[in-house]
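Hi,

Here is the structure I promised to pass on. Have a look at it first, and then read my notes underneath.

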Amino acid sequence: MTDFHSAEIVKTKAGRQYHIGLAPGEVANYILMCGDLDRARKTAERFDRVRVEKANREYRTYTGSWKGLELSVMATGMGPDNTEIAVVELCQIADRPTLVRIGSSGALKREIAIGDLIVSTGALRLENTSTYFVSEGFPAVAHHEVVLALLESCRRQRLTYHVGVTATAPGFYGAQGRDVPGFPPRHQDLDAELARMNVSNLEMEASALFTLATFRGMRAGAVCAAYANRPANKFIDAKTKEKAEDACIKAGMGAIEVLAQMDSARREAKAPHWTPSLGLRRS
């Protein structure tokens with residue numbers, strides 16, 4: 001009889017993970033994550049070489065090389081539940097990978113222009129997927145090295161960015177306070193409430209990613225483009241969206257490059273953590 005509580009149920013006999021469809025050796029230790037399948041493809045097109053392309057269910061993964069670095073990009077589909085599956089299964093085939101989300105979001109502050117980037121320092125958990133691993137008071141924080149790498153990447157490339165706390169909702173309509181005909185939300189003042197708490201943006205994956213990464217002892221972070229400005233009730237147009245997505249991909253890939261430099265400096269100094277005094281050495 002099959003034991004449905006066994007870890008064996010999440011993989012095939014070949015070692016492939018049940019949902020993401022990947023086996024050991026098919027994913028790098030630096031992984032970019034996004035919800036959009038097309039964004040993953042656009043990211044992989046910038047690689048110097050792609051050696052793995054795997055699609056299973058809503059998950060699509062590309063692994064290859066860029067600037068001498070081995071890296072992967074995975075599209076997970078939308079939501080914290082999809083993120084949970086991706087993180088858990090990735091950890092079965094990679095040794096504590098570094099995970100960087102390159103996503104989209106709605107800005108909650110008027111000063112964040114549509115198309116700007118937001119680097120998350122942490123996330124407010126409006127979702128409850130992560131609470132099946134930790135208590136409600138457990139902090140959903142981005143790893144400091146990933147935050148610094150994203151900031152350095154944005155600075156190097158002269159990308160317009162903001163830094164702040166992100167809120168993660170489990171859905172797009174009611175969970176984000178959208179008043180849609182026939183589906184009035186319970187929390188119609190959610191935008192204002194979040195803005196009052198100085199939350200910068202609202203999306204659907206970051207808090208689950210941060211919580212699970214911290215729980216597992218991994219590095220994770222997120223940079224999201226502002227596709228809407230909720231206080232101004234404005235949404236992005238097609239031309240601006242293309243530019244914003246391009247900037248977000250650049251920020252994420254640049255952060256991987258910086259993280260690799262941090263890791264090289266840390267290894268050379270035999271230090272447990274990267275600090276500014278170590279500098280950034282080429283890997």
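Below is what I found when I went through it, from the whole chain down to single residues.

First, a caution: this is a predicted model, and the values below are all computed from it.

**The overall picture**

The chain has six helices and eleven strands. Its C-alpha trace spans about 55 × 50 × 35 Å along the principal axes. Is the fold a compact globule, or is it something looser? For 283 residues, a compact globule would have a radius of gyration near 19 Å, and the chain comes out at 18 Å, so the two agree. As for burial, 52% of the 283 residues count as buried. If you look at contacts between residues with a separation of 6 or more, 73% of them join residues 24 or more positions apart.

On the outside, the accessible surface comes to about 13,600 Å², and carbon and sulfur atoms supply 51% of that. For charges, I get 37 positive and 33 negative side chains, with the centres of the two sets 5 Å apart.

**The cysteines**

You may well ask about disulfides: how many does the structure hold? Zero. Cys 34, for one, is in no disulfide, and the nearest cysteine sulfur, which belongs to Cys 248, is 8.8 Å away. Cys 34 counts as buried because its relative accessibility is 1%. Cys 91 is buried as well, with a relative accessible area of 8%. Why is Cys 91 not bonded to Cys 34? The sulfur of Cys 34 is the closest cysteine sulfur to that of Cys 91, but at 18 Å it is too far for a bond.

Then there is Cys 224, which sits in strand β10 (residues 220-229). Its relative accessible area is 0%, so Cys 224 is buried. What does Cys 224 touch, once you set aside its neighbours within four places in sequence? The list includes Arg 101, Gly 103, Ser 104 and Ser 105, along with Asp 116, Leu 117 and Ile 118. Asn 201, Glu 203 and Cys 248 are also among its contacts. Arg 51, in contrast, is 27 Å from Cys 224, C-alpha to C-alpha, and 173 residues away in sequence.

**Helix α5**

Helix α5 covers residues 206-216 and is mostly covered, with eight of its eleven residues buried. Those buried residues are Ala 206, Ser 207, Ala 208, Leu 209, Phe 210, Thr 211, Leu 212 and Ala 213. Just after α5 comes Gly 217, which takes a positive phi of about 85°.

**Two backbone oddities**

Most residues other than glycine have a negative phi, so a couple of spots caught my eye. One is Arg 57, which has a positive phi of about 55° although it is not a glycine. Arg 57 is in the loop between β2 (49-56) and β3 (59-66). Is Arg 57 buried or exposed? With a relative accessible area of 55%, Arg 57 is exposed.

The other is Lys 67, also not a glycine, where phi is near 55° and again positive. You will find Lys 67 in the loop between β3 and β4 (69-75). Lys 67 counts as exposed too, at 52% relative accessibility.

That's everything from my side. Shout if anything is unclear.

Cheers

Terms used
Residues numbered from 1 in each chain as written. Predicted model: local features only at pLDDT ≥ 70, side-chain atom pairs only at ≥ 80, totals over all residues. Heavy atoms only, no water. Helix = DSSP H or I, 4+ residues; strand = E, 2+ residues; numbered from the N terminus. Rg over C-alpha atoms; globule rule 2.2 N^0.38 Å. Buried < 20%, exposed > 50% of the residue type's maximum accessible area, 1.4 Å probe, protein only. Contact = heavy atoms within 4.5 Å. Areas by Shrake-Rupley, 256 points an atom, 1.4 Å probe, with all protein chains shown as cover. Lys, Arg positive; Asp, Glu negative; His and termini not counted. Charge placed at Lys NZ, Arg CZ, Asp CG, Glu CD. Disulfide = S-S within 2.5 Å.
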